[in-house]
Amino acid sequence: MTHAETLSAAGLSAAEITGGTLAVRSPIDGAVVAHVHETNPADMPAIIAKSQAAFRAWRTVPAPRRGELIRLLGEELRAAKAELGALVTLEAGKITSEGLGEVQEMIDICDFAVGLSRQIYGLTIASERPSHRMMETWHPMGPCGVISAFNFPVAVWSWNAALALVCGDPVIWKPSEKTPLTAIASMKIMERALARFGDAPEGLVQLVIGGPAIGEALVNSKDVPIISATGSTRMGGIVGPKVAARWGRPILELGGNNAMIVAPSADLDMAVRAIVFSAVGTAGQRCTSLRRLIAHNSIKDDLVAKLAKAYASLPIGDPRKAGTLIGPLVDSASRDRMLAQIAKARAEGGRVHGGEAVEAVAGGAYVSPALVEMPAQTDTVREETFAPILYVLGYETLDEAIALQNDVPQGLSSCIFTLNMREAETFLSAAGSDCGIANVNIGPSGAEIGGAFGGEKETGGGRESGSDAWKGYMRRQTNTINYGATLPLAQGVKFDF
Ligand code: UN1
């Protein structure tokens, strides 16, 4: 398919993709595929006011009925999966199966949220006073601003939107400036669900497109109580304090520097498969991508040899082509950063395999994935580079491996490959991995939506997606009810008059 055919199959009209000020390039070949209209920053107050008005109506709609909207969204996404997946490939450069996988992740979170819409439970709590009852009620919170990144241009929005909407919160979405087309296409899918739903308030789900001024309007508005932001630690370091300063609630999903410990007992063939997928999948551009391999000294050389062999056979090229496993980086700036980081690692004593620019499709930023054996965990290793660079470190004792794994500023995802139960459980214990995600015998990426997603330290501390992450989108109210005829005070306080 030509780019134009992919755009029109995804339902984008000529008016939506021409005449605007924001040029959109496909990472596949660097071609400009659209000029998208940007939101005027001066319109942001009206957009936010509309969201507030929608909130006043939506918060009183019963949660299971709100779930019906998400059920319809899931249906519409199922129907549009192939076309939206292809658009993700066009705009983010993901290989076909990963583009489709991203849409599947959207469908999965819709299913989860529909179930959740009948399970927004609070606790009943024993009161210390006679004839009293205590309970918790979860209430909608207000508009939720979603600031998403290019690498999961639609799934991250859906994790937030599906939960927020079921929880009674309107959504204002600011996608990455690199990926507005998938956002526009997703909004159109959402609009089909809204039309079938019938009586949702106007402005329940809005899309705003543009640069920092648009994001800042959301971040600084007291009328947008929740800001869920996914992206770099640098971005989160700006957004988090601003939201906190106006007493809003930030949900931050920032950088990762995810490691795998490979122990002497590990099933090395399985480890190799997991390493290759998690280190080079999405061309190393997932928050959860594997960036550090901490291998026991007794197996390290063997593992590196196996990996170098596997790496050499990986098909790099047009992500639309069947068989391609490594598509392009998002742009040439990203490739330049990768090459610069590899040069720095080399200067620090790194032994580099791969990690070169590849001429796959003219105009695209293609690279061969890099394996870099490092003498120590240097500053370069401790930085997140959004590209397929895998640093390899050796270790002697498990304590040493865990210390290395934790000794980075980020804390998103981690894993251990071992068949030794003591090692596995130690890794998962309070003295083990300090990350939000810790796995045994699977890689750090490709998390399912059923679990809470997010991490600690510079990853930002937020949780999205499954488990009880929904609580981040609601306000908790503690209720005490006195059904007696006296007024006993708590803590035994007497106050007679
Ligand atoms: C991200 O990279 O921002 O665990 C999200 C994964 C995906 C989500 C990644 N389910 O790799």
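The legends below describe close-up views of a predicted model.

**View 1. The annotated domain in the predicted model.** The UniProt record, an unreviewed entry, places the feature "domain: Aldehyde dehydrogenase" at residues 20-478. Within this span, 39% is helix and 20% is strand, and the C-alpha atoms at its two ends lie 49 Å apart.

**View 2. The shell of residues around the ligand.** The residues that surround the ligand are Glu-105, Asn-151, Phe-152, Val-156, Thr-230, Arg-286, Cys-287, Thr-288, Ser-445, Gly-446 and Ala-447. Sorted by class, this shell around the ligand comprises four nonpolar, five polar and two charged residues.

**View 3. Helix α4 packed against helix α5.** Two packed helices are described by the angle between their axes and the distance between the axes. For α4 and helix α5, which spans residues 96-116, the angle is about 175 degrees and the axes are 8 Å apart, which means that α4 is roughly antiparallel to α5. The contact of α4 with α5 is made up of 13 nonpolar, six polar and five charged residues.

**View 4. Helix α4 packed against helix α6.** Helix α4, formed by residues 63-92, and helix α6, formed by residues 155-166, cross at roughly 150 degrees, and their axes come within 8 Å. Because angles over 145 degrees count as roughly antiparallel, α4 is described as roughly antiparallel to α6. On the α4 side the contact is made by Ala-63, Arg-66, Gly-67, Leu-69 and Ile-70, while α6 contributes Ala-162, Leu-165 and Val-166. Taken by class, the residues of this contact of α4 with α6 are six nonpolar, one polar and one charged.

**View 5. The three-stranded antiparallel sheet.** Strands β3, β4 and β23 form an open sheet in the order β3-β4-β23, and their pairing is antiparallel. The edge strands, each of which pairs on one side only, are β3 at residues 124-125 and β23 at residues 474-482. Strand β4, which covers residues 132-140, runs antiparallel to β3 and is joined to β3 by two bridges. In this part of the view, Ile-125 stands opposite Met-134 of β4.

**View 6. The five-stranded parallel sheet.** An open sheet of five strands follows the order β7-β6-β5-β8-β9, with parallel pairing. The edges are occupied by β7 (205-207) and β9 (249-253), each of which has a single partner strand, so one side of each is left without a neighbour in the sheet. From one strand to the next, the twist averages 15 degrees. Strand β6, at residues 171-174, pairs with β7 in the parallel sense over three bridges, and Val-205 in β7 is the bridge partner of Val-171.

**View 7. Helix α9 across strands β8 and β9.** Helix α9, formed by residues 233-245, lies across β8 (226-230) and β9, and runs at about 165 degrees to β9. Both strands belong to the open sheet with the order β7-β6-β5-β8-β9, in which β9 stands at an edge.

Key:
Residues are numbered from 1 along each chain as its sequence is written. This is a predicted model: local features need pLDDT of at least 70, side-chain atom pairs count only at pLDDT 80 or more; totals for chains, interfaces and linings use all residues. A residue is near a molecule or strand if its C-beta atom, placed from the backbone, lies within 6 Å of it. Ala, Val, Leu, Ile, Met, Phe, Trp, Tyr, Cys and Pro count as nonpolar, Asp, Glu, Lys and Arg as charged, and the others, Gly among them, as polar. Axes are lines fitted to C-alpha atoms, for helices over the stretch in contact, and angles run from 0 to 180 degrees between N-to-C directions. Helices (H or I, at least four residues) and strands (E, at least two) are DSSP runs, numbered from the N terminus. Angles under 35 degrees count as roughly parallel, over 145 as roughly antiparallel, 65 to 115 as roughly perpendicular and the rest as oblique. Two residues are in contact if their C-beta atoms, placed from the backbone, lie within 7 Å. Two strands pair if DSSP finds at least two bridges between them. UniProt positions are given in the numbering used here, feature names are shortened, and annotations may be inferred rather than shown by experiment.
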